[in-house]
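Student: I have just opened this one and don't know my way around yet. Could we go through it together, starting with a single spot and working outwards?

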Amino acid sequence: MEAGTQVWCYQDSGDDPWILSKVINRTSDALQLKHDIDGDDAGETFSRPLLASSSSEEGAKYEGVELANAPLSDSDIAEGVDNDMISLQHLHEPAILHAVSDRYFRGEIYTWTGPVLIAVNPFQRLPLYTREILESYRQEGLFRSQNLGDSSAKPLGPHVYSIADRSYRQMMSEERKSQSILISGESGAGKTETTKIVMLYLTTLGSAHTESPSEGAEGGDEKLSV
């Protein structure tokens, strides 16, 4: 960690447990840092000691310090670089919290971590569950299951519809694989609503006599309900 490197520093007080900071100097047994708020060094210099468990093979580790990922550009965000946190250079607690928080304030409440979908309760109604959106995930899942479509096309973003669709396609494949969808979280996280959304998607796809969401009643953007 050289001077100027951005890192996350843990603090046991305040609303934010991890504060973005900048390395000012490094000695043989400690880091000298300052909080980096909106690109400006703020406050007094503080230090974090080198952990005794650090090894030269793994690199130096300092108490309550984790390397920060480079900020995303507007083009990175438009391309969905942070759709899956596995693509981040550093994946640890502050990196996850920062990525999920940034996406939340952009109105993107879903984030992939490999095959796992992280959802943040927005505590407001968002236009994420319209008939048009359901149909777009249904079509993408159908094309993917039949190896059709443009492989170079940008995939749809993270969504609970994608989880439901993958389970449905596996269940209806030639192997007829049994599926389980685990929905977990703290009280108030939105588990019940997410379960309703998953069930709605599965019943929409599974009913042979249900008209396509893009057909039938007028108003393709009409919100679906359970």
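Student: Leaving out residues up to four places away in sequence, what does G157 touch?
Tutor: In this predicted model, G157 is in contact with N83, W112 and Y137, once residues up to four places away in sequence are set aside.

Student: And where does G157 sit along the chain?
Tutor: G157 belongs to the loop that runs between helix 3 and helix 4. In space its C-alpha lies 9.9 Å from the C-alpha of E79, although 78 residues separate G157 and E79 in sequence.

Student: Why does G157 count as partly exposed?
Tutor: Because its relative accessibility is 25%, and the partly exposed class covers what is neither under 20% nor over 50%.

Student: Which other residues of that loop between helix 3 and helix 4 could I look at?
Tutor: One of them is P155, which counts as exposed because its relative accessibility is 55%. The C-alpha atoms of P155 and E140 are 8.1 Å apart, with their positions 15 residues apart along the chain. N147 is also found in the loop between helix 3 and helix 4, and with a relative accessible area of 73% N147 is exposed.

Student: What is the phi of N147 like?
Tutor: The phi of N147 is positive, at about 55°, although N147 is not a glycine. That deserves a remark because most residues other than glycine have a negative phi. F123 has a positive phi too, near 55°, and F123 is likewise a residue other than glycine.

Student: Where is F123, then?
Tutor: F123 is placed in the loop between strand 7 (116–119) and helix 3, and at 67% relative accessibility F123 counts as exposed.

Student: Let me step back for a moment. How many helices and strands does the protein chain have?
Tutor: The protein chain has 5 helices and 7 strands. Reading from the N terminus, the order of the elements is β-β-β-β-β-α-α-β-β-α-α-α. The chain consists of 226 residues, of which 28% count as buried, and it exposes about 14500 Å², with 50% of that area supplied by carbon and sulfur atoms.

Student: Back to helix 3 and helix 4: at what angle do they pack?
Tutor: Helix 3 and helix 4 pack at about 40°, their axes being 10 Å apart, and the crossing is right-handed. On the side of helix 3 the contact is made by I133, L134, Y137, R138, G141, L142, R144 and S145, while helix 4 contributes Y161, S162, D165, R166 and R169. By type, the residues of this contact comprise 5 nonpolar, 3 polar and 5 charged ones.

Student: What about helix 3 with helix 5, which way do they cross?
Tutor: Helix 3 also passes helix 5 in a right-handed crossing, at an angle of roughly 65°, and their axes come within 12 Å. Here L134, Y137 and R138 of helix 3 meet Y201, T204 and L205 of helix 5, a contact whose residues divide into 4 nonpolar, 1 polar and 1 charged.

Student: Which residues of the largest nonpolar core touch the most other members?
Tutor: That core has 17 residues, and the ones that touch the most other members are Y110, L117, V160, Y161 and Y201. At least two core residues come from each of strand 6 (110–113), helix 3 (131–145), helix 4 (160–171) and helix 5 (191–206), with helix 4 giving the largest share, 5 residues. A separate core of 8 residues lies apart from this one, and C9, L33, F46 and Y62 are among its members.

Student: What is Y110 in contact with, beyond its neighbours within four places in sequence?
Tutor: Y110 is in contact with R103, L117, I118, A119, L128, Y129, P158, H159, V160 and I197, leaving those neighbours aside.

Student: One last place: where does I86 lie?
Tutor: I86 lies in the loop between helix 1 (74–79) and helix 2 (93–105), and I86 is exposed, having a relative accessible area of 51%. Its contacts, not counting residues up to four places away in sequence, are L91, T113 and G114. For I86 and G114, which are 28 residues apart along the chain, the C-alpha atoms are separated by 6.0 Å.

How values were computed
Residues are numbered from 1 along each chain as its sequence is written. This is a predicted model: local features need pLDDT of at least 70, side-chain atom pairs count only at pLDDT 80 or more; totals for chains, interfaces and linings use all residues. Side-chain values use heavy atoms; hydrogens and water are left out. Helices (H or I, at least four residues) and strands (E, at least two) are DSSP runs, numbered from the N terminus. Buried means under 20% relative accessible area, exposed over 50%, partly exposed in between (1.4 Å probe, protein chains only). Accessible areas come from the Shrake-Rupley method with a 1.4 Å probe; for residues, only the protein chains shown count as cover. A nonpolar core is a set of buried Ala, Val, Leu, Ile, Met, Phe, Trp, Tyr and Cys residues joined through side-chain atoms within 4.5 Å. Contact means heavy atoms within 4.5 Å. Axes are lines fitted to C-alpha atoms, for helices over the stretch in contact, and angles run from 0 to 180 degrees between N-to-C directions. A crossing is left-handed if the near helix is turned anticlockwise from the far one by less than a right angle, and right-handed if clockwise. Ala, Val, Leu, Ile, Met, Phe, Trp, Tyr, Cys and Pro count as nonpolar, Asp, Glu, Lys and Arg as charged, and the others, Gly among them, as polar.
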